[in-house]
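Student: I'd like to learn how to read a sheet and its salt bridges. Can you walk me through it on a real example?

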Amino acid sequence: MPEAPLPLAKSVAHAGSGWARRWPAPCVVCHGWCTGGLCSACVARFAAQQPRCARCGLRLAEAGSPCGACSLHGPPMVRTVVALDYAFPWDRLIARFKFAQAPELARVLVQPLIDHLGPQLAAADELRPDLVLPVPLSPRRLRQRGYNQAWELARRLARELDLPAQADGLQRWRETPAQTTLDAAARRANLRDAFMVNPQLAGRLAGRHIALVDDVMTTGATLAAAADLLLRNGAREVSAWALARTPTPSTGNRPSP
């Protein structure tokens, strides 16, 4: 019997549509008029592609795969794609996107990640995942915020890259303290057994390549915990796609405003 197709992302009214990209609007960074919400000058200045570790997404002095730490003990993700450093101006914009009821910013913020992923997937078909999943919020935080910022990014990525996606493939059933105040070890302990696979998907993960999407990758503990769960449930491999990565102190040169 042929495998059942994995679920497709549901359509979203005009988000990321052609007219939205062509219609002049202020750049979200410099506020100059442009098309698409992010001008080419700001892309060149703040979103230029940087050499990164292929496993953890941290910036490197030069291209390498993987970094020294990942060579010794890499994360469960087979590869990680990161578009931006979590630094000016993206830290302010992502905070506004997440905490200031501005889900519409996803349409603009996701574009640098699409620009990174599009050529990679076109050049190597084996990098194309079978399913795109967002890192989930707990039910309480989802009610408070009204949307999952990771799904706002994931569904747009899926549509632009012609990939199936599912909003609730992973579920966060256990409420955990905020990660922002915790170190790496505490983050890992905080996330232990916090996620579960949707029972409707659990039996269909065997042999699949899954892409996990999140907005900000700090220590990588959240994505690693979710990836480990998917692998234990039969996924062949897991990729991580993050909009931004918190730089290490040695590489965290903040661009000037």
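Tutor: Let's start with one spot: the bridge partner of Asp 85 in β8 is Arg 245. Strand names like that come from DSSP runs (E, at least two residues; helices are H or I, at least four), numbered from the N terminus. Before going on, keep in mind that this is a predicted model, where local features need pLDDT of at least 70 and side-chain atom pairs count only at pLDDT 80 or more, while totals for chains, interfaces and linings use all residues. Residues are numbered from 1 along each chain as its sequence is written, and side-chain values use heavy atoms, with hydrogens and water left out.

Student: Which strands form the open sheet, and in what order?

Tutor: The general idea is that strands of a sheet pair through backbone hydrogen bonds, either parallel or antiparallel. Two strands count as paired here if DSSP finds at least two bridges between them. In this model four strands make an open sheet, in the order β3-β8-β7-β4, with parallel pairing. β3 and β4 are at the edges with a single partner strand each, so one side of each has no neighbour in the sheet. From one strand to the next, the twist averages 20°.

Student: How many bridges join β7 to strand β8?

Tutor: Eight, and the two strands run parallel. One of the pairs puts Asp 214 opposite Ala 242 in β8. Between the two strands, the chain goes from β7 through helix α11 (residues 221-232) to β8, a right-handed β-α-β crossover. Right-handed means that, with the strands pointing away from the viewer, the path from the first strand over the helix to the second runs clockwise. On the other pairings, strand β4 (residues 131-134) joins β7 in parallel through four bridges, and Val 132 stands opposite Ala 211 there. β3 and β8 are also parallel, over six bridges, with Val 82 opposite Ala 242 in β8.

Student: Which helices lie on these strands?

Tutor: Helix α6 (residues 111-123) lies across β3 and β8, at about 145° to β3. α11 packs on the sheet too, touching β4, β7 and β8, and makes about 165° with the direction of β7. Those angles run from 0 to 180 degrees between N-to-C directions, with axes fitted as lines to C-alpha atoms, for helices over the stretch in contact. Contact means heavy atoms within 4.5 Å.

Student: Is strand β7 mostly covered or open?

Tutor: Mostly covered: nine of its nine residues are buried. The cut-offs are under 20% relative accessible area for buried, over 50% for exposed, and partly exposed in between (1.4 Å probe, protein chains only). Seven of the seven residues of β3 are buried as well, so the rest of the structure largely encloses that strand. For a single residue, take Val 213, which lies in β7. Val 213 has a relative accessible area of 0%. Beyond neighbours within four places in sequence, Val 213 has contacts that include Val 132, Leu 153, Leu 157 and Trp 241. Pro 134 is 79 residues away from Val 213 in sequence, yet their C-alpha atoms are 4.7 Å apart.

Student: How many salt bridges does the count come to?

Tutor: Side chains of opposite charge can pair when their charged atoms come close. The rule used is a side-chain nitrogen of Lys or Arg within 4 Å of a carboxyl oxygen of Asp or Glu. By that rule the count comes to seven. One of them brings us back to Asp 85, whose side chain meets that of Arg 52 at 3.0 Å, N to O. Asp 85 lies in strand β3 (residues 79-85) and Arg 52 in the loop between α2 (40-46) and α3 (68-73), so the pair ties together parts 33 residues apart in sequence. Asp 85 is buried at 12% relative accessibility, and Arg 52 is buried at 13%.

Student: And how far apart in sequence are Arg 232 and Asp 228?

Tutor: Four residues, in helix α11, so about one helical turn separates them. Their closest N and O atoms are 2.9 Å apart. Arg 232 is exposed at 57%, whereas Asp 228 is partly exposed at 33%. Elsewhere, salt bridges with shared partners join Arg 52, Arg 59 and Asp 85 into one network.

Student: Are Arg 155 and Glu 152 buried or exposed?

Tutor: Both are buried. Their salt bridge spans 2.7 Å, N to O, and they sit three residues apart in helix α8 (residues 149-161), about one helical turn.
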